[in-house]
Amino acid sequence: MAEITLARIDDRLVHGQVMQVWTKGKGTNAAYVVDDATANDEFMKEIYESTQSTGGLKIKVYSAQGLVDQWNANQFGDDKVALIFKSLAYAKVAVDGGVPIKELNVGGIAIKPGSTKVIESVGLTDDDADIAKAIGDAGVTVYFQKIPSSENVSLAGALAKCGK
């Protein structure tokens with residue numbers, strides 16, 4: 001059975017912070033990108049999966065349900081995997097589907113009109129806040145942090161900022 005070394009929400013998906021900062025020192029050998037649009041775009045999927053990161057991580061792309069199906073089929077094999085979700089909704093599909101996520105780092109959701117800034121790199125809409133709360137209620141420790149050395153805000157702190 002695989003080890004999940006990181007579960008992160010980052011709407012930018014794979015980039016330097018994820019590949020170098022968050023996975024370093026955890027023995028991570030694979031990054032699973034979870035985004036329905038990318039998984040359904042053969043061209044983009046091939047670009048991601050054919051790219052080896054500078055850290056040597058193999059990259060696989062799944063839809064949210066595809067990730068659950070892969071977990072149920074083989075528990076991700078022997079990989080030490082970083083799960084990189086495009087959105088909180090995709091992470092909720094994984095949690096609801098039985099993927100054993102203990103902690104969820106929310107590190108990148110673009111701040112847009114109608115969202116509340118929780119940390120420098122995360123803005124939550126009311127729907128996002130409700131989904132984050134549901135994930136937390138399912139027993140997952142949810143926290144908001146851009147990089148390990150930056151401010152860390154708890155789920156309760158983030159929900160308070162959103163008036164929840």
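This section describes the sheet, the helices packed on it and the nonpolar cores of a predicted model.

The model contains an open sheet of seven strands. Their order is E3-E2-E4-E1-E5-E8-E9, and the pairing is mixed. Two strands form the edges: E3, residues 58–62, and E9, residues 153–154. Each of these pairs on one side only.

Strand E4 spans residues 80–85. In the sheet order, E4 stands between E2 and E1. Its pairing with E2 (residues 30–34) is parallel and runs over five bridges. Within this pair, alanine 30 stands opposite valine 81, and alanine 31 has alanine 82 as its bridge partner. On the other side, E4 pairs with E1 (residues 3–10), again in the parallel sense, over six bridges. Here glutamate 3 is bridged to lysine 80. E4 is mostly covered, with five of its six residues buried.

Helices pack around this part of the sheet. Helix H3, residues 42–50, touches E2 and E3. The direction of H3 makes about 155° with that of E3. Helix H4 covers residues 64–74. Its buried residues are Ala64, Gly66, Leu67, Val68 and Trp71. These residues pack against three strands, E2, E3 and E4. They also pack against helix H2 (36–39) and helix H5. Just after H4, glutamine 75 takes a positive phi of about 50°.

Nonpolar side chains tend to be buried together in soluble globular proteins. In this model, the largest nonpolar core holds 41 residues. Six members touch the most other members: Leu83, Phe85, Leu88, Leu104, Leu124 and Phe144. Helix H5, residues 88–96, gives the most to this core, with five residues. A second, separate core has 13 residues. Among them are Leu6, Ala39, Leu57 and Val61.

Leucine 124 illustrates the contacts made by a member of the largest core. Residues up to four places away in sequence are not counted here. Leucine 124 touches Leu88 and Phe144, both also listed with leucine 124 among the members that touch the most others. Its further contacts include Ile109, Val118, Ala129, Ala158 and Cys162. Leucine 124 also touches Gly114, Ser115 and Thr116.

Key. Residues numbered from 1 in each chain as written. Predicted model: local features only at pLDDT ≥ 70, side-chain atom pairs only at ≥ 80, totals over all residues. Heavy atoms only, no water. Core = buried A, V, L, I, M, F, W, Y, C linked by side-chain atoms within 4.5 Å. Buried < 20%, exposed > 50% of the residue type's maximum accessible area, 1.4 Å probe, protein only. Helix = DSSP H or I, 4+ residues; strand = E, 2+ residues; numbered from the N terminus. Contact = heavy atoms within 4.5 Å. Pairing = 2+ DSSP bridges. Axes fitted to C-alpha atoms, helices over the stretch in contact; angles between N-to-C directions.
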